[in-house]
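Me: I should like a close look at a single part of this model, namely its nonpolar core and what surrounds it. Please set the answer out as one connected account.

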Amino acid sequence: MEDLQELFERAKEKLTSLTFEDIFPLTKKYNTDDVKQLCIMVGIYLGAIIIAVIMIFGLGWIPFLGIIMKIIAAAVIIYSTIGIFSSLLTYLKYN
(Lines give C-alpha, C1' and ligand atoms only; values in the text may rest on other atoms or scores of the structure.)
Protein backbone atom coordinates (compact mmCIF):
# COMPACT_ATOMS: atom_id res chain seq x y z
CA MET A 1 0.00 0.00 0.00
CA GLU A 2 2.87 2.36 0.76
CA ASP A 3 4.44 1.63 -2.61
CA LEU A 4 1.22 2.67 -4.31
CA GLN A 5 1.15 5.93 -2.35
CA GLU A 6 4.78 6.58 -3.29
CA LEU A 7 3.93 5.95 -6.92
CA PHE A 8 1.04 8.42 -6.74
CA GLU A 9 3.23 11.01 -5.04
CA ARG A 10 5.92 10.69 -7.73
CA ALA A 11 3.32 10.92 -10.49
CA LYS A 12 1.78 13.97 -8.84
CA GLU A 13 5.22 15.57 -8.52
CA LYS A 14 6.01 14.98 -12.21
CA LEU A 15 2.63 16.29 -13.35
CA THR A 16 2.90 19.46 -11.28
CA SER A 17 6.40 20.19 -12.59
CA LEU A 18 5.39 19.94 -16.28
CA THR A 19 6.03 23.00 -18.36
CA PHE A 20 4.50 24.12 -21.64
CA GLU A 21 7.55 22.88 -23.54
CA ASP A 22 7.19 19.42 -21.99
CA ILE A 23 3.67 19.07 -23.32
CA PHE A 24 4.38 20.59 -26.75
CA PRO A 25 8.04 19.81 -27.53
CA LEU A 26 7.93 21.51 -30.93
CA THR A 27 8.12 24.86 -29.15
CA LYS A 28 11.63 23.91 -27.98
CA LYS A 29 12.79 23.06 -31.49
CA TYR A 30 11.13 25.86 -33.43
CA ASN A 31 11.24 29.45 -32.25
CA THR A 32 7.84 31.12 -32.40
CA ASP A 33 9.41 34.56 -32.87
CA ASP A 34 10.19 33.78 -36.52
CA VAL A 35 7.26 33.56 -38.95
CA LYS A 36 8.96 30.90 -41.09
CA GLN A 37 9.52 28.60 -38.11
CA LEU A 38 5.96 29.26 -36.91
CA CYS A 39 4.67 28.17 -40.34
CA ILE A 40 6.80 25.02 -40.17
CA MET A 41 5.41 24.20 -36.72
CA VAL A 42 1.80 24.77 -37.83
CA GLY A 43 2.51 22.67 -40.93
CA ILE A 44 3.73 19.77 -38.82
CA TYR A 45 0.59 19.92 -36.69
CA LEU A 46 -1.60 20.13 -39.81
CA GLY A 47 0.26 17.16 -41.28
CA ALA A 48 -0.53 15.15 -38.15
CA ILE A 49 -4.20 16.07 -38.46
CA ILE A 50 -4.26 15.05 -42.14
CA ILE A 51 -2.62 11.70 -41.35
CA ALA A 52 -5.14 11.11 -38.54
CA VAL A 53 -8.07 11.81 -40.87
CA ILE A 54 -6.58 9.45 -43.47
CA MET A 55 -6.29 6.80 -40.73
CA ILE A 56 -9.98 7.24 -39.91
CA PHE A 57 -11.09 6.90 -43.54
CA GLY A 58 -8.59 4.19 -44.42
CA LEU A 59 -9.00 1.90 -41.43
CA GLY A 60 -12.34 3.04 -40.01
CA TRP A 61 -14.33 0.41 -41.86
CA ILE A 62 -12.58 -2.51 -40.08
CA PRO A 63 -14.79 -3.36 -37.06
CA PHE A 64 -12.37 -3.60 -34.12
CA LEU A 65 -9.35 -1.85 -35.60
CA GLY A 66 -11.57 0.99 -36.79
CA ILE A 67 -12.66 1.83 -33.26
CA ILE A 68 -9.07 1.86 -32.02
CA MET A 69 -7.93 4.02 -34.94
CA LYS A 70 -10.79 6.46 -34.37
CA ILE A 71 -9.79 6.86 -30.72
CA ILE A 72 -6.11 7.36 -31.60
CA ALA A 73 -6.97 9.75 -34.43
CA ALA A 74 -9.29 11.77 -32.18
CA ALA A 75 -6.50 12.16 -29.62
CA VAL A 76 -4.04 13.23 -32.34
CA ILE A 77 -6.50 15.72 -33.81
CA ILE A 78 -7.24 17.28 -30.42
CA TYR A 79 -3.54 17.47 -29.49
CA SER A 80 -2.60 18.99 -32.85
CA THR A 81 -5.41 21.53 -32.74
CA ILE A 82 -4.37 22.67 -29.28
CA GLY A 83 -0.74 22.77 -30.46
CA ILE A 84 -1.65 24.98 -33.42
CA PHE A 85 -3.59 27.43 -31.29
CA SER A 86 -0.96 27.50 -28.57
CA SER A 87 1.85 28.21 -31.02
CA LEU A 88 -0.18 30.96 -32.69
CA LEU A 89 -1.12 32.50 -29.34
CA THR A 90 2.51 32.31 -28.20
CA TYR A 91 3.55 34.08 -31.39
CA LEU A 92 0.92 36.77 -30.86
CA LYS A 93 1.92 37.19 -27.23
CA TYR A 94 5.59 37.87 -27.91
CA ASN A 95 5.27 39.80 -31.20
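Reply: In this predicted model, the largest nonpolar core comprises nine residues: Phe24, Leu26, Tyr30, Leu38, Met41, Val42, Tyr45, Ile49 and Ile84. Helix α4 is the main contributor, giving five residues to this core.

Tyr45, one of the core residues, is a convenient place from which to continue. Its relative accessible area is 4%, and Tyr45 is therefore classed as buried, the cut-off being under 20%. A search of the whole structure yields one aromatic pair. Tyr45 and Tyr79 are its two members, with ring centres 6.4 Å apart and planes at 70° to each other. The arrangement counts as edge-to-face because the angle is over 60 degrees. In general terms, a pair of aromatic rings is described by the distance of the centres and the angle of the planes. Distant parts of the chain are linked by the pair, since Tyr45 belongs to helix α4 (residues 35–59) and Tyr79 to helix α5 (residues 63–94), with the two positions 34 residues apart in the sense of sequence separation.

The partner ring has another setting. Tyr79 has a relative accessible area of 33% and is partly exposed. Together with Leu15, Leu18 and Ile23, Tyr79 forms a nonpolar patch on the surface, whose accessible area amounts to about 380 Å². Within that patch, Ile23 comes from helix α2 (residues 20–23). Ile23 is partly exposed as well, at 43% relative accessibility. Tyr79 thus takes part both in the pair with Tyr45 and in the surface patch.

Helix α5 also supplies Gly83. With a relative accessible area of 1%, Gly83 is buried. When neighbours within four places in sequence are set aside, Gly83 is in contact with Phe24 and Tyr45, both of which are listed in the core. Gly83 and Gly66 are 17 residues apart in sequence, and their C-alpha atoms are 25 Å apart in space.

Ile84 is itself a core residue. With neighbours within four places in sequence left aside, the contacts of Ile84 are Val42, Tyr45, Leu46 and Ile49. Among these, Val42, Tyr45 and Ile49 are named in the core. Tyr45 accordingly appears in the contacts of Ile84, in those of Gly83 and in the aromatic pair.

Other positions on these two helices are less covered by the protein chain than the cut-off for burial requires. Phe57, in helix α4, has a relative accessible area of 67% and is exposed, as the cut-off for that class is over 50%. Phe57 and the core residue Phe24 are 33 residues apart in sequence and 27 Å apart in space, C-alpha to C-alpha. In helix α5, Ile72 is partly exposed at 39% relative accessibility. Ile72 and Lys29 are separated by 43 residues in sequence and by 25 Å in space, C-alpha to C-alpha.

A charged contact completes the account. The structure holds one salt bridge, in which the side chains of Glu6 and Arg10 meet at 3.8 Å, N to O. Glu6 and Arg10 are about one helical turn apart because they are four residues apart in helix α1 (residues 2–16). Glu6 is partly exposed, its relative accessible area being 44%.

Conventions. Residues are numbered from 1 along each chain as its sequence is written. This is a predicted model: local features need pLDDT of at least 70, side-chain atom pairs count only at pLDDT 80 or more; totals for chains, interfaces and linings use all residues. Side-chain values use heavy atoms; hydrogens and water are left out. Rings of Phe, Tyr and Trp (its six-membered ring) pair if their centres lie within 6.5 Å; planes under 30 degrees apart count as stacked, over 60 as edge-to-face and the rest as tilted. Buried means under 20% relative accessible area, exposed over 50%, partly exposed in between (1.4 Å probe, protein chains only). Patches are made of residues with over 30% relative accessible area and no salt bridge: like charges are joined within 9 Å, nonpolar side chains (Val, Leu, Ile, Met, Phe, Trp, Tyr) within 5 Å. Accessible areas come from the Shrake-Rupley method with a 1.4 Å probe; for residues, only the protein chains shown count as cover. A salt bridge is a side-chain nitrogen of Lys or Arg within 4 Å of a carboxyl oxygen of Asp or Glu. A nonpolar core is a set of buried Ala, Val, Leu, Ile, Met, Phe, Trp, Tyr and Cys residues joined through side-chain atoms within 4.5 Å. Contact means heavy atoms within 4.5 Å.
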